[in-house]
Amino acid sequence: MSDTPKEMDKDLPEHNIKRKREKEDGSAQPVKVKEYRKQIECFLETEVEEIPGTSPLKKRRRRKKISDIVSSTPQPAVPADLQNMITQHFKYERSVIELEELKLPDSYFLESNDLTHTLSSYLKQVCRKWVKLCKNHTENKSVLMLIICSSALRALEMIRLITAFKGDCKAVKLFAKHIKVEEQIKWLSKGAVHLGVGTPGRIRNLIDRDGLSLQSLKYVILDWNWRDQKLRRLMDIPEVKQETLKLLETSIIPACKKGQVKLGLF
């Protein structure tokens, strides 16, 4: 017959008997373990208390917004601003010789807007021979002036702002919103167009497709100082900045070096 539980208790191994004795004696080892655990718990608590103190570090690492950078007193653009931006953008992609080719001396620039002008008053100041140029311009697919801005909405606004300047001259919209590139190529080929206002991406596309020629081009105006609702300028919007710099590198700067085009920062 099997042993009863009472009989099994009598036959306990020696190590079980030792455990019982240790419990009865109240040995110090369990107390030490508890103390050690208490020390760990205290240490962890101090760690938790220090976590809120790390929040200022996160704030310091916060990415700056445009509104944080904008000066309370806006500063007008100067030629060095554009030159520095071109150098910083291409310095890891171009050789030293190629970077030299992209340099823009001050002689390539018109007088910059000092932030006191409207668009029409600025253009009247820097393009004093505009009326004469318009009378002599008869070439299709080409314009005398390009105004480059950040969006289609801004382009429409600028077309309204130049009414006093352009007079009877013909202006064309050169942006992608609701207008197909094929339609713009047709407009440019039908007759002489004096002034084009648009975005850098669409202007570059038209040039690449031979829909727009720079043969008669005299002025390129960058809408540099204006800020949108998010306080971003033309060169603060990454995709627009990239397209503008590509347009400058491939088309505008070579035309400036030939002596036919002047740059203006409005």
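Which residues of strand 2 lie on its covered face, and which on its uncovered one? Keep this question in mind while you set up the view, and remember throughout that the model on your screen is a predicted one.

**The whole chain**

Begin with the entire protein chain in a cartoon view, where you can look for 14 helices and five strands. Of the 266 residues in the chain, 35% are buried. Among the contacts with a separation of 6 or more, 74% are between residues that stand 24 or more positions apart in the chain.

**The sheet**

Now select the strands, which form an open sheet of five in the order 2-3-1-4-5, with parallel pairing. Strand 2, at residues 171–174, and strand 5 stand at the edges, and because each has a single partner strand, one side of each is left without a neighbour in the sheet. If you turn the view to look along the sheet, you can follow how neighbouring strands are turned against each other by 20° on average, with direction ignored. As a general point, the strands of a sheet pair through backbone hydrogen bonds, and they do so either in the parallel or in the antiparallel way.

**Strand 2 and strand 3**

Zoom in on strand 2 to answer the opening question: Val172 and Leu174 make up its covered face, while Ala171 and Lys173 are on the uncovered one. Next add strand 3, residues 195–198, which runs parallel to strand 2 and is joined to it by four bridges. Within this pair, select Lys173 and look across to strand 3, where Val197 stands opposite. To see how the chain passes from one strand to the other, show helix 12, residues 181–190, as well, since strand 2, helix 12 and strand 3 together make a right-handed β-α-β unit.

**Strand 4 and its two partners**

Move along the sheet to strand 4, residues 219–222, and show its side chains. Is each face of this strand covered or uncovered? Both are covered, with Tyr219 and Ile221 buried on one side and Val220 and Leu222 buried on the other.

Strand 1, residues 145–148, runs parallel to strand 4 and is joined to it by four bridges; select Met145 to find its bridge partner in strand 4, which is Tyr219. Then select strand 5, residues 262–265, which also pairs with strand 4 in the parallel sense over four bridges, and here the bridge partner of Leu222 is Leu265.

**Helix 14 and helix 13**

Add helix 14, residues 238–257, which together with strand 4 and strand 5 makes a right-handed β-α-β unit. Helix 14 lies across strand 1, strand 4 and strand 5, and runs at about 135° to strand 5.

Bring in helix 13, residues 200–208, which packs with helix 14 at an angle of about 35°, the axes being 8 Å apart. Helix 13 passes helix 14 in a left-handed crossing. To see where the two helices meet, show the side chains of Pro200, Gly201, Ile203, Arg204 and Ile207 in helix 13, and then those in helix 14, including Val240, Glu243, Leu247 and Ser251.

**Two loop residues and a buried serine**

Follow the chain to Asp210, which is in the loop between helix 13 and strand 4. Its phi is near 60°, a positive value in a residue other than glycine, and Asp210 is exposed, with a relative accessible area of 58%. A second residue of this kind is Leu115, whose phi is near 75°, and which you will find in the loop between helix 7, residues 96–101, and helix 8. Leu115 counts as partly exposed, at 37% relative accessibility.

Next select Ser120 in helix 8, residues 119–126, which counts as buried because its relative accessibility of 7% is under the 20% cut-off. Leaving aside neighbours within four places in sequence, show the residues in contact with Ser120, namely Leu161, Ile162, Thr163, Ala164 and Phe165.

**Last stop: two cysteines**

Finish with Cys134 and Cys256. Cys134 is buried, with a relative accessible area of 9%, and Cys256 is buried as well, with a value of 2%. How many disulfides does a search of the whole structure find? The number is zero.

How values were computed
Residues numbered from 1 in each chain as written. Predicted model: local features only at pLDDT ≥ 70, side-chain atom pairs only at ≥ 80, totals over all residues. Heavy atoms only, no water. Buried < 20%, exposed > 50% of the residue type's maximum accessible area, 1.4 Å probe, protein only. Pairing = 2+ DSSP bridges. Right-handed = clockwise from strand over helix to strand, strands pointing away. Disulfide = S-S within 2.5 Å. Axes fitted to C-alpha atoms, helices over the stretch in contact; angles between N-to-C directions. Contact = heavy atoms within 4.5 Å. Left-handed = near helix turned anticlockwise from the far one by under 90°.
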